[in-house]
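Here's a quick walk through how the strands and helices fit together in this one. Have the viewer open and follow along.

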Amino acid sequence: MSIFDDIARENDQPRQEGEPLFSYLNKSSRPEAERVRTLVDEWIKEYPESHREPLVARLRSDIDDQHQSAFFELFLHHFLCARGCKIIEIEPKLEHTDKSPDFLVETSTGERFYLEAVLASGRSSQETAAYARLNTALAAIDNVPSPDNFLSLTTEGLPTAPLSLKKLKRGVQSWIAGLPAGIAAKDAAAFKYVEHGCSIELRALPRSKREEEGGAVGVRNFPVTQITPHQEIRPGLKKKASRYGKLEFPYVVAIDCLSMYHREEGVVDALLGEPYVEFTRMADGTLKQEHRRRPDGIWYGPPNGQPQNTRLSAVLAFFRIDAWNFVTKTGLLVPNPWAAMPIPQLNLGTTELTLANGAYQRSEGQPVGALLGMPEQWPEA
């Protein structure tokens, strides 16, 4: 039995702005989508039947965070088993709390550890909901027929409540109908719509060919924003670092860093503190330069730069893992230098920062696809 619907699939177009991830995967007729669906079904069959139903429900969710979270757990289950580990229990019960980590895992050498999965989207739950409302509105705009012009879209602010889609679409349709023909449309007055703290502006860009395929929106302009990857990654790790109290086995958090700006250094900075350079003028007038970290990390932080969250033994980080896109990704394992219970040797094949003489040394890993024996171009081939 497949977790996907038994339907006729005729949509061979790319995913539209704001379209739920599962919805698109479920209905796409592209060969790549069929390969992804087949893989997900195969992995689901490996998952213990007693815990399969709630995972499938989350995979099928139209809330992207729930879908991505469920797939990441499914990915971890398959990845760990493929790399020689054994999942002893899913959501193992703990004596001192009613909360449960995602997995109790046993290595090939018989050592055990708990594993918890988390996403780092760089957004709060309120922001995630606001972006979902915005994307729903943008998808509605993209579906408005605009055969003569592509639309250049600019947004400002996030809606605090759902936008009035019928009113928005009527306004866009009326504006498109009133655009002058040809190149003159480029200089026409912009369409502007403001509701619930969100502003949407559209301008027309004449299509070179009227029969060109694609939605109405051809260009999306993003507002200028400050990128702070370590601050976006930190909340997810902080939330999970001490969630289960004192545990019987080492405790590892696996994190899927979803932003296009998230990199390995963002994970390390979130754990150990933001790096900075300190200059000191010496007695002879020269400047001494020292590389330091601010006391704001998960493992080394406030109030005055001391080891903390020592029950978190290690972090296993991946970057932009989803059902379509994981074969080229390489994981990163970072052990906690001050862990109360150090992690055992995992031999997962990921990149690792190993501790030697008080410093990290890097050992390169392999892409996930190579570790799982999958083609480099999957799902395209």
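## A pair at the sheet's edge

Let's start with one residue pair: E352 has S363, in strand 16, as its bridge partner. Keep in mind that this is a predicted model. Zooming out a little, strand 15 (residues 351-356) pairs with strand 16 in the antiparallel sense, over five bridges.

## The whole sheet

Which order do the strands of the open sheet follow? There are eight of them, running 1-2-3-8-13-14-15-16, and the pairing is mixed. Strand 1 (86-90) and strand 16 (359-363) sit at the edges with a single partner strand each, so one side of each has no neighbour in the sheet. Going from one strand to the next, the twist averages 25 degrees.

## Helices on the sheet

Two helices to look for here. Helix 4 (residues 64-82) lies across strand 1, strand 2 (103-106), strand 3 (112-120), strand 8 (251-257) and strand 13 (314-319). Its direction is at about 150 degrees to strand 3.

Helix 8 (residues 264-272) packs on the sheet too, touching strand 8, strand 13, strand 14 (332-335), strand 15 and strand 16. Helix 8 makes an angle of about 150 degrees with strand 13. Strand 8 and strand 13 turn up in the lists for both helix 4 and helix 8.

## Helix 2 against helix 4

Helix 4 also has a helical partner: helix 2 (residues 31-46) packs with helix 4 at about 65 degrees, and their axes are 10 Å apart. Why call these two roughly perpendicular? Because angles of 65 to 115 degrees count as roughly perpendicular, and helix 2 and helix 4 therefore get that label. Their crossing is left-handed.

On the helix 2 side, the contact is made by V40, W43, I44 and E46, while helix 4 brings F71, L74, F75, H77 and H78. Sorted by class, that's six nonpolar, two polar and one charged.

## Helix 7 against helix 8

Helix 8 has a helical partner as well. Helix 7 (residues 229-241) packs with helix 8 at an angle of about 60 degrees, with the axes 8 Å apart, which makes helix 7 oblique to helix 8. This crossing of helix 7 and helix 8 is right-handed.

Which residues meet here, between helix 7 and helix 8? From helix 7 they are H230, I233, R234 and L237, and from helix 8 they are G266, V267, D269, A270 and L271. The split for this contact is five nonpolar, two polar and two charged.

Conventions
Residues are numbered from 1 along each chain as its sequence is written. This is a predicted model: local features need pLDDT of at least 70, side-chain atom pairs count only at pLDDT 80 or more; totals for chains, interfaces and linings use all residues. Side-chain values use heavy atoms; hydrogens and water are left out. Two strands pair if DSSP finds at least two bridges between them. Helices (H or I, at least four residues) and strands (E, at least two) are DSSP runs, numbered from the N terminus. Axes are lines fitted to C-alpha atoms, for helices over the stretch in contact, and angles run from 0 to 180 degrees between N-to-C directions. Contact means heavy atoms within 4.5 Å. Angles under 35 degrees count as roughly parallel, over 145 as roughly antiparallel, 65 to 115 as roughly perpendicular and the rest as oblique. A crossing is left-handed if the near helix is turned anticlockwise from the far one by less than a right angle, and right-handed if clockwise. Ala, Val, Leu, Ile, Met, Phe, Trp, Tyr, Cys and Pro count as nonpolar, Asp, Glu, Lys and Arg as charged, and the others, Gly among them, as polar.
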